[in-house]
Amino acid sequence: MSALDIKNLSYIYNQGTDLEKIAVNNVNLSINDGEIIGIIGHTGSGKSTFAQMLSGTVKPTAGKIFLYGKDIWKDYKNRKEVYFKVGLVFQYPEKQLFAQTVYEDIAFGPKNQGFSEGETEEKVFEALDFVNIDKKLLNRSPFELSGGEKRRVAIAGIFAMNPGVLILDEPTSGLDPISREKIINNILSYHSKKRGAVIFISHFMEETARISDRVAIMDRGKIKMVDTPENVFYDYKSLKSINLDAPQITKIVSNIHSKGYNINKKIVTVEKGTQEILRLLRE
Amino acid sequence: MIENVCLGQYIPGSSILHRLDPRIKILSFVIFMIISFMSGNIFSMSILILSVAVIILLSGVPLKVYFQSTKYILFLIFLSCVFNVFYDYGEAVFKFWVLTVTLESIKNSVIIILRVTSLMFVSSSVMFTTSHSNISFAIETFMKPLSIFKINAQDIATMITISLKFVPIIFEETNKIINAQRSRGADLDNKNIIKKVKSYIPIIFPLFFLSFKRASDLAVAMESRCYNNIIKRTSIREFKISILDISCLIYIIVILIGVVYCEYLMI
Ligand SMILES: Nc1ncnc2c1ncn2[C@@H]1O[C@H](COP(=O)(O)OP(=O)(O)OP(=O)(O)O)[C@@H](O)[C@H]1O
Ligand SMILES: [Mg+2]
C-alpha cells in the first residue's frame with residue numbers, strides 16, 4: 001500500500017490579492033511505504049510548501065492527501081494523529097530549538113505523544129544513536145552547540161517521535177561536507193531500521209541521487225518527472241533548462257559516451273562510475 | 001490565512017494615496033485621529049464613515065485586505081464592546097438574568113467600534129501605501145524641532161524604520177515556528193489559561209532568540225558599513241508639495257469642519 005497518495009494538490013499564497021502566488025500547482029504523486037523519494041527543484045519551486053501540506057500543518061487550497069488510504073483533512077478527527085504519523089523536519093530546523101537542555105528538546109515530541117518518562121528516555125536515547133550525538137551533550141543548552149550539531153539535535157527531535165512517514169526539508173543545506181555526510185548516514189540508518197517512507201528534499205544532486213529510490217523534479221509548482229535517479233539525471237542538459245543539474249559523475253560518463261565510447265551513461269554514483277570507467281579502460 | 005498581509009505591511013502600487021507626500025499623509029492622519037474621537041452623533045459618524053470609505057477607495061487596496069490585516073484587533077475590540085453593552089448605566093432596554101442592557105451602553109459600544117475601526121483602517125491605509133523609508137523620512141521631518149533638546153531625529157527615524165521592517169519578518173517567523181512546534185505535538189489550543197501560557201514557551205523562546213540574534217547581526221552589519229549619527233544623511237528622493245497634497249489637506253480640513261459643526265454648532 002502506498003504511504004501517501006497525493007491527488008490534484010494545489011496551494012495559493014495570498015489568494016485573491018495582487019500578491020497572489022501559485023506555489024503548488026495540481027500535483028499528483030504516490031509515495032510507497034519503504035521507499036526514499038528525493039525531491040529536487042530550483043529555489044521557489046514550491047518544495048517547502050508541498051512538504052508542509054504533506055505533514056498536515058498547512059491546509060491545501062485544493063486537492064487531497066491520503067495517508068495510508070485515509071484523507072488527512074477528513075478521516076482524521078484529530079490533527080495530532082496526522083502530526084504523529086508524519087514527521088516533518090522543517091527547513092533550518094535548528095530555529096525551533098527552545099528547551100534548556102538538548103535532552104528536553106528531543107523529549108518534547110515523545111512527551112506530547114503521551115509517553116511516560118521512562119519510555120520517553122528510551123526514545124531519546126534511540127534517536128541519539130541515529131544521529132550519532134555524544135551523550136555528554138544531553139545536558140548542555142542547545143544554543144551552545146555548533147550549527148551542524150544543532151541541526152542533528154533538531155532532526156533527532158523528529159526521529160524520537162518515530163514517524164511512519166519522514167519528510168526532511170533541505171536537512172543538509174548550509175553545512176560542511178562532513179556534517180552533510182553525517183546527516184545523510186543518520187537518515188539512512190533511521191530508514192534501514194524503521195523502514196517507512198522518507199521524503200528527502202535537497203539542492204544537492206549527488207546526495208539525492210545516492211539515497212533516493214525515486215527522484216521527483218519540481219518546477220514552478222508542478223512535478224515535472226518522477227523516475228529512478230538514473231533516468232532523471234542522465235539527460236542532464238534538459239535539467240539545466242529548469243535550473244537544475246546532475247551529479248558530476250553522471251556528466252563525466254555522459255561526456256565519455258558522447259565521444260563515442262561504449263559506456264553506460266545512466267550512472268549517478270561515484271562507485272558505479274568508477275567500476276564502469278575501469279571496465280572501459282580494461283577493454 | 002494569517003500568513004497573508006500583516007499589520008503595517010507596505011503594498012506597492014500607484015494609487016492617489018501612494019502618490020501623496022508622506023509628511024502630508026502623517027499630518028492628515030493626526031488630524032483624522034482628532035476627527036474620529038470628536039465624532040459622537042449620527043451626523044458626524046456618517047461623515048466619518050463616508051470619509052473612511054473615500055480614503056479606502058483612493059488607496060487602491062481592496063477592502064478585504066483591510067479586514068484581513070486587522071481582524072484580530074477588530075475581534076478584540078468587538079469583544080470588549082460586547083461586554084461594555086452589559087455595563088449597567090442609564091435607562092434599561094431589557095433585563096436578562098443579572099445582565100441589564102441600556103440604550104446608552106449600546107450607543108456607546110457602537111460609537112467605540114466605529115471609531116476604532118475607522119482609525120484602524122485609516123492607519124492601515126497610510127501603512128499600506130507608504131514605504132518604510134518614506135515613513136521614516138516623514139517622522140524625521142516632524143522630529144527635527146526636537147533637536148533643541150539634543151534629540152537626534154535621524155536616529156529615531158532609523159530606529160522606527162527598522163522596527164517597522166522587522167514586523168512582517170517576525171510575523172512570518174512566528175508562523176513558521178508555530179507550525180514546527182505544532183507538528184511536534186505542541187498543544188496550543190488548550191482552554192486552560194495556565195496550560196496555554198506554558199504551551200507557548202516553545203514558540204516564544206526561539207522567537208526571542210532569533211529576534212535578538214537578528215538585531216545584533218544587523219547592528220554589526222550597520223556598524224561595519226560605518227553607520228553613525230555624526231554625518232548628515234540626505235534623502236534619495238526630494239519631496240515637493242503638489243496639488244494632490246494640498247487637495248488632501250483641504251479634504252481632511254473640510255471633514256474636520258463638518259464634524260465640528262455637527263458636534264458643537266448644530267442643534
Ligand atoms: N509566506 C509566503 N507568502 C507568500 N508567498 C510565499 C510564502 N512562502 C513562499 N511563498 C512563495 O511560494 C513559492 C514557493 O515557495 P517555497 O518556500 O515552497 O519554495 P521552495 O521550493 O521550498 O524554495 P527553496 O528551495 O528556496 O526553499 C515561492 O515563489 C515563494 O515566493
Ligand atoms: Mg524550501
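# Chat: helices in chain B, sheets in chain A

User: Starting with chain B: is the crossing where H3(B) passes H5(B) left-handed or right-handed?
Analyst: H3(B) goes past H5(B) in a left-handed crossing. Keep in mind that this is a predicted model.

User: At what angle do the axes of those two helices cross?
Analyst: Roughly 20°. The helices are H3, residues 42-59, and H5, residues 103-129, both of chain B, and their axes come within 10 Å. An angle under 35 degrees counts as roughly parallel, so H3(B) and H5(B) are roughly parallel to each other.

User: Which residues make the contact?
Analyst: On H3(B) you have B:Met45, B:Leu48, B:Ile49, B:Val52, B:Ile55, B:Ile56 and B:Ser59. From H5(B) come B:Ile111, B:Leu114, B:Arg115, B:Ser118, B:Phe121, B:Val122, B:Ser125 and B:Thr129.

User: And how many of them are nonpolar, polar or charged?
Analyst: Ten are nonpolar, four polar and one charged in the contact of H3(B) with H5(B).

User: What about confidence for chain B?
Analyst: Chain B has an average pLDDT of 82, and 90% of its residues score at least 70. For the complex, the predictor gives an ipTM of 0.83 and a pTM of 0.77.

User: OK, over to chain A. In what order do the strands of the four-strand sheet run?
Analyst: The order is S2-S1-S4-S5 in an open sheet of chain A, with antiparallel pairing. At the edges you find S2 (21-32) and S5 (70-71), each paired on one side only.

User: How many bridges join S1 to S4 there?
Analyst: Five, between S1 (residues 2-13) and S4 (residues 62-67) of chain A, and these two run antiparallel. To pick a spot, A:Ser10 faces A:Ala62 in S4(A).

User: Which helix packs on that sheet?
Analyst: H1 of chain A, residues 47-54, which touches S1, S2 and S4. The direction of H1 makes about 125° with that of S1(A).

User: And the six-strand sheet, what's its pairing?
Analyst: Mixed, in an open sheet ordered S6-S7-S8-S3-S9-S10 in chain A. S6 (86-89) and S10 (222-227) each have a single partner strand, so one side of each is left without a neighbour in the sheet. On average, neighbouring strands of this sheet are turned by 15° against each other, direction ignored.

User: Do S3 and S9 of chain A run parallel or antiparallel?
Analyst: Parallel, with five bridges joining S3 (residues 36-41) to S9 (residues 214-219). A:Ile40 has A:Ile217 of S9(A) as its bridge partner. On this sheet packs helix H6 of chain A, residues 177-194, touching S3, S7 (165-169) and S8 (197-201). The direction of H6 makes about 165° with that of S8(A).

Conventions:
Residues numbered from 1 in each chain as written. Chains lettered and ligands numbered in written order. Predicted model: local features only at pLDDT ≥ 70, side-chain atom pairs only at ≥ 80, totals over all residues. Heavy atoms only, no water. Axes fitted to C-alpha atoms, helices over the stretch in contact; angles between N-to-C directions. Parallel < 35°, antiparallel > 145°, perpendicular 65-115°, else oblique. Left-handed = near helix turned anticlockwise from the far one by under 90°. Contact = heavy atoms within 4.5 Å. Nonpolar A, V, L, I, M, F, W, Y, C, P; charged D, E, K, R; others polar. pLDDT = per-residue confidence, 0-100. Pairing = 2+ DSSP bridges.
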